[in-house]
Protein chains: 2
Amino acid sequence: MDELQRDRTITIYDIAEEAGVSPATVSRVLTGNAHVRREKRERVQELIAKYNFVPNALAKGLSNTTTKSLGIVAADIRNPFYAAVFMACEQAAERLGYTVGLFNSLGKIENEEEQIERFRQQKADAIILLGGRVDDLVTHTAFAEHVREICRSTPVVVTGKLDRTPCYNVRIDASNAMRQLMEHLFELGHERIALVGGRLDVTSTYEKYQTYSSMLHARGIRESGDYVVNGGYDYQSGYEGMNRLLKLKARPTAVVAINDFAATGILRSVVEHGLSIPGDISVVSFDNTYLSELSIPKLTTTDYDYDYFGRMIAETAIAAAEGRDPAPETRIETTLIVRESSGPAPGTGGHPSGTARKQKRGAITGA
Amino acid sequence: MDELQRDRTITIYDIAEEAGVSPATVSRVLTGNAHVRREKRERVQELIAKYNFVPNALAKGLSNTTTKSLGIVAADIRNPFYAAVFMACEQAAERLGYTVGLFNSLGKIENEEEQIERFRQQKADAIILLGGRVDDLVTHTAFAEHVREICRSTPVVVTGKLDRTPCYNVRIDASNAMRQLMEHLFELGHERIALVGGRLDVTSTYEKYQTYSSMLHARGIRESGDYVVNGGYDYQSGYEGMNRLLKLKARPTAVVAINDFAATGILRSVVEHGLSIPGDISVVSFDNTYLSELSIPKLTTTDYDYDYFGRMIAETAIAAAEGRDPAPETRIETTLIVRESSGPAPGTGGHPSGTARKQKRGAITGA
DNA sequence: CGTTTGTTTGTAACCGGTTTCATGATATCG
DNA sequence: CGATATCATGAAACCGGTTACAAACAAACG
């Protein structure tokens, strides 16, 4: 780093002076929303190119009321689900001429509040909350209060459900996703179906559980408390949850994982117990992140059209920011993707049962 | 959304008026870098709390020369490697009082340039390029030229190698990482070692290849062109590359994947060929993303201390932004993490060879 | 040719902070 | 007690854009 000397920033005043026009005229050329005599316009444009001039977005934002930027607070961008949503969201925003700021809250509520505050200072035109505390059913009163406060100055879009706040809402139809998985399992003859991972105080998880429960009932299957193993949303939760399930006398023949992460933990547990998937146990999950393609066997899971999801979030935020009046609630449809991790329940149909049955390519077996 | 009515933004002038002081005094209270009589200070602070006032960061940035923000352009945040680096980087920046903006270039050079331009407009105090085109050995002349241009106004930190530009550089010691993997494989008795994935025009990949090559030579092992299968950095590349390798008469006993993603593709290919890992083939890779813990078997890989990595990037950027003069180049050390995917070369040592040997828990076998 | 309409342009105010400068009030010191 | 240093504060300029307003000018019309 020899010459740390940075260039002096150049402004419309510099351009104006050299072009022999007023700053207002340069501004008119930049925004393009007023007439400027062709000759002058071209002179200005030449100078802009010559000096590689870029208008100062701060000044612009200060003068206009809008910054064309969105603030996004994500729970954890390392989670491929959020990464995919964020990405789609960012790309959509970008197409609409908006930039995004990102902050990872790591699920800590102080972080979320602090960062929301930051975005407010930065005059983000809207704020987007991806997962995190907004998802809590029993919303911290203080947090909801804070969000409500923010809403008074800036539109807020959440992917969870934040009751009693004027937030816009774009979310997965979790209930329907669960329905699809359950129907799939029913068709394969499963009745002993477990649910692994997730906390019931998170809205989407609660919705999933509700549907799980009611569908079992509708089929006349007794719901066993042992089969619902709550926990977190990570590998470890899946792994430990499944270990617990495999200690049961009547172990389940199918497991619904709360997400792909948990599913991979479940896979691990099953393999370590010397069982086969889907020969002995079927595993299905939510989200269709790339984990479901990478794991062995590939996971049966529910997909969401992330591009659409992200686009709806961004468009809702931007519409609200621009004073148009977007739908307060948008539900994202889900699609069942059947891969290798689900198969007929052992002992049903014409298949040789259990580990002995012919395996699909890529099915895995314990040692 | 009943009452879309947003609050009027309140300013230091409002505060000043109600407190019966001048705006300058309010500003002094805010910045805290000048004396204000205690009585007035408290009055102002009360009002700030009362109105939930936050200073407008745009005005602040316009007035100061700094915005306390960093612009980060990542190749693809969905890649867990970048996600981890970004995250660490963001957290470190946050601790130092900086915010980050993020943009995914998807490796497209136009996107990168456009976004860099955006950050320049937004007066980001520094710009960080994570992967992407900066990694190209044969740097596009036009792109380098553009970056050089940016450097004239804003510090730029890159994780690749961008020759002939005044960029700061923080990167993995790829060469050493490869050395560790190779030594590990040598110790296990492997000689027929393949390299799968990656493009040689990417600096880090080139460095890895160089080390691979020279270490084989040093051991007196003839390097076979068949064993170097370049491609991309994803699952597919690993899968296809491995399929190709398994068609060889003398197939390798160990494979070095260019990253964890590629490794999972390799795993898949091996399993589909009915071979066992590490019984028949050892697989090792780079990055130690969570994929290496999730996959079955768990991957032997090289770790980087992401927190440190991210911190160095952020600190370098911020130091440069603040006119201190950080080291122009920082290398991140690597650590070998041995897990389940690597084992003794078949036919060596006292182990029963090949698929017949006793397998570790969690080792996988094809059908 | 006077009037009307429409185009061009510059001046100046404004967005919301920070900071220099000048001034007045206090405190410290020989 | 007067001189000097320190504290406290407001007025005003500045950061770099946008835009309302007014004025100058040209073209079109009857």
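Mentor: Before we start, a contact means heavy atoms within 4.5 Å of each other. What you're looking at is a predicted model, where local features need pLDDT of at least 70, side-chain atom pairs count only at pLDDT 80 or more, and totals for chains, interfaces and linings use all residues. Residues are numbered from 1 along each chain as its sequence is written, chains are lettered from A and ligands numbered from 1 in the order in which they are written, and side-chain values use heavy atoms, with hydrogens and water left out.

Trainee: Okay, contacts first. What share of the contacts in chain A with a separation of 6 or more comes from residues 24 or more positions apart?

Mentor: That share is 74%.

Trainee: And how many helices and strands does chain A have?

Mentor: Chain A has 13 helices and 12 strands. They're DSSP runs numbered from the N terminus: H or I of at least four residues for a helix, E of at least two for a strand.

Trainee: What tells you whether chain A is a compact globule or more spread out?

Mentor: Its radius of gyration, taken over C-alpha atoms, is set against the globule rule, 2.2 Å times the number of residues to the power 0.38. For 367 residues the rule gives 21 Å, while chain A comes to 27 Å, well over that, so chain A is more spread out than a compact globule. Along its principal axes, the C-alpha trace spans about 90 × 45 × 40 Å.

Trainee: How are chains A and B related?

Mentor: Turn chain B by 180°, with 0.0 Å of shift along the axis, and it superposes on chain A with an RMSD of 0.1 Å. The fit is by least squares on the C-alpha atoms of residues with pLDDT of at least 70 in both copies. That's the relation of a two-fold axis. In chain B, G101(B) has the C-alpha nearest the axis, 2.0 Å from it. Both copies use the same surface: 100% of chain B's contact residues recur in chain A.

Trainee: Why is N176(A), in helix α8 (residues 174-187) of chain A, called what it's called: buried or exposed?

Mentor: Buried means under 20% relative accessible area, exposed over 50%, and partly exposed in between (1.4 Å probe, protein chains only). N176(A) has 19% relative accessibility, so N176(A) counts as buried. Leaving aside neighbours within four places in sequence, N176(A) is in contact with E333(A) and T334(A).

Trainee: Where does R37(A) fall on that scale?

Mentor: R37(A) has 61% relative accessibility, so R37(A) counts as exposed. You'll find R37(A) in the loop between α2 (23-31) and α3 (38-51) of chain A.

Trainee: What about D305(A)?

Mentor: D305(A) has a relative accessible area of 43%, so D305(A) is partly exposed. D305(A) sits in the loop between β10 and α13 (306-321) of chain A, and has a positive phi of about 55° although it is not a glycine.

Trainee: What is the phi of K123(A)?

Mentor: K123(A) has a positive phi of about 60°, and K123(A) isn't a glycine either. K123(A) lies in the loop between α6 (109-121) and β3 (126-130) of chain A.

Trainee: Last one: what is the omega of the peptide bond from I296(A) to P297(A)?

Mentor: Omega is near 0° there, and the bond is cis. P297(A) is in the loop between α12 (291-294) and β10 (300-303) of chain A. Over in chain B, the bond from I277(B) to P278(B) is cis too, with omega near 5°.
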